[in-house]
Amino acid sequence: MLRHACALTLALLCASGLGAEAPAVSLANVYRGDVDLGRYWVSEKLDGVRARWDGVALLSRRGNRFNAPGWFVEGFPTQALDGELWMGRGTFEELSGAVRRKVPDEAQWRRIRFMVFDLPGSPVPFDSRLNEMRRLLATAPAERIRLVEQFRVADEAELMAKLKDVVSAGGEGLMLRDGHSRYRPGPSDDLLKLKTHADAEAVVVGHVPGKGKYAGMLGSLLVKTPDGRRFRIGTGFSDAERRNPPPVGATVAFRHIGVTARGIPRFASFLGVRERAAPEAEPAR
């Protein structure tokens, strides 16, 4: 009887997405100018929310299921796809809130697109994966799912000119993918990011109360980077975010200008929530 109850509980968790295993995704290193650009495809770095389509549902980097409306994923390919949910340049804050809603806002989801940039289940190099993605998405609903534009540059001068154009138009930067590389999880030079400023992610481990005009609200977030560095983020928040700050366990994005001698990000400024807290880590409200 107990075994049957445990099995039923596990089945319900998997069905709800709470028990889903976190997908192993590729991660980018920082471009430092010491690579053969002739090997790389270049695309705009989108300020979206990372998502994996597993053939049935859209999953976050932690394996949580996004509550997308059924019509949104209708017509998606059955193959696994790696990409980002995106609303357009400069809309990350609204997008982040929209995709984290338990009850989806239909109007917001009609403005969201799943931008595909890789095919994790394919064993072939990216040059060939790109052709596979073009074929897969040729008949997909373009208003909801699209292939991220990939292009080549002749040299670093052209790369930097493209970076300037993208940033001037409100974009974040560029991504570079080695056309000879096979899909592999974790950070590597197979995937590189190029920006005019640095940004990173950290997990919220505490809240520091505000003072003065912020009394009764958030003063700063205490966060921890993946390598264990702890520091505070005290700027970049709206009043609404200070009244209802990201919970402990949430992954947040921040912008900074260099690091201190101890490796602590300088002038860290909050950008938004990248990943909601895992269910077991979210405090009761």
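Okay, let's start with a word we'll need: a pocket is an open set of grid points with protein on both sides within 12 Å along at least five of seven lines. Keep that in mind, and remember that what we're looking at is a predicted model.

So, the pocket. The largest one here comes to about 1400 Å³. It's lined by 49 residues, and the closest to its centre are Leu 27, Ala 28, Arg 61, Lys 193 and Glu 201. What classes of residue make up the lining of the largest pocket? There are 24 nonpolar residues, 17 charged and eight polar.

Now, where do these residues come from? Several strands supply at least two each, among them E1 (26-30), E2 (40-45), E9 (186-195) and E14 (269-275). Which strand gives the most to the lining of the largest pocket? That's E10, with six residues.

Let's stay with E2 for a second. Six of its six residues are buried, so E2 is largely enclosed by the rest of the structure. Its pairing with E8 is antiparallel, with six bridges joining the two. If you want one spot to click on, Glu 44 stands opposite Leu 174 in E8.

Next, the cavity. The structure holds one cavity of 30 Å³ or more, and the largest cavity has a volume of about 100 Å³. Its lining has 14 residues, and Ser 26, Asp 118, Ser 181, Asp 190 and Leu 191 are the closest to its centre. E1, H5 and E9 are the elements that give two or more residues to that lining, with E9 giving the largest share, four residues. By class, you get six charged, four polar and four nonpolar.

Last stop, the open sheet. Go across it and you meet five strands in the order E4-E3-E5-E6-E7, with mixed pairing. Why is one side of E4 and of E7 left without a neighbour in the sheet? Because E4 (58-59) and E7 (145-147) stand at the edges, and each has a single partner strand. For E4, there are two bridges to E3, in the antiparallel sense, and Trp 53 stands opposite Leu 58 in E4.

Two helices lie across strands of this sheet. Helix H3, residues 92-99, lies across E3 and E5, at about 40° to E3. Helix H5, residues 126-137, lies across E5, E6 and E7, and runs at about 150° to E6. And yes, that's the H5 we just met in the lining of the largest cavity.

That's my tour, thanks!

Technical notes
Residues are numbered from 1 along each chain as its sequence is written. This is a predicted model: local features need pLDDT of at least 70, side-chain atom pairs count only at pLDDT 80 or more; totals for chains, interfaces and linings use all residues. Side-chain values use heavy atoms; hydrogens and water are left out. On a 1 Å grid over the protein atoms alone, a cavity is a set of points where a 1.4 Å probe fits but cannot get out, and a pocket is an open set with protein on both sides within 12 Å along at least five of seven lines; lining residues have an atom within 4 Å of a point. Grid points are joined across faces, edges and corners, and a volume is the space filled by probe spheres set on the points. Ala, Val, Leu, Ile, Met, Phe, Trp, Tyr, Cys and Pro count as nonpolar, Asp, Glu, Lys and Arg as charged, and the others, Gly among them, as polar. Two strands pair if DSSP finds at least two bridges between them. Contact means heavy atoms within 4.5 Å. Axes are lines fitted to C-alpha atoms, for helices over the stretch in contact, and angles run from 0 to 180 degrees between N-to-C directions. Buried means under 20% relative accessible area, exposed over 50%, partly exposed in between (1.4 Å probe, protein chains only).
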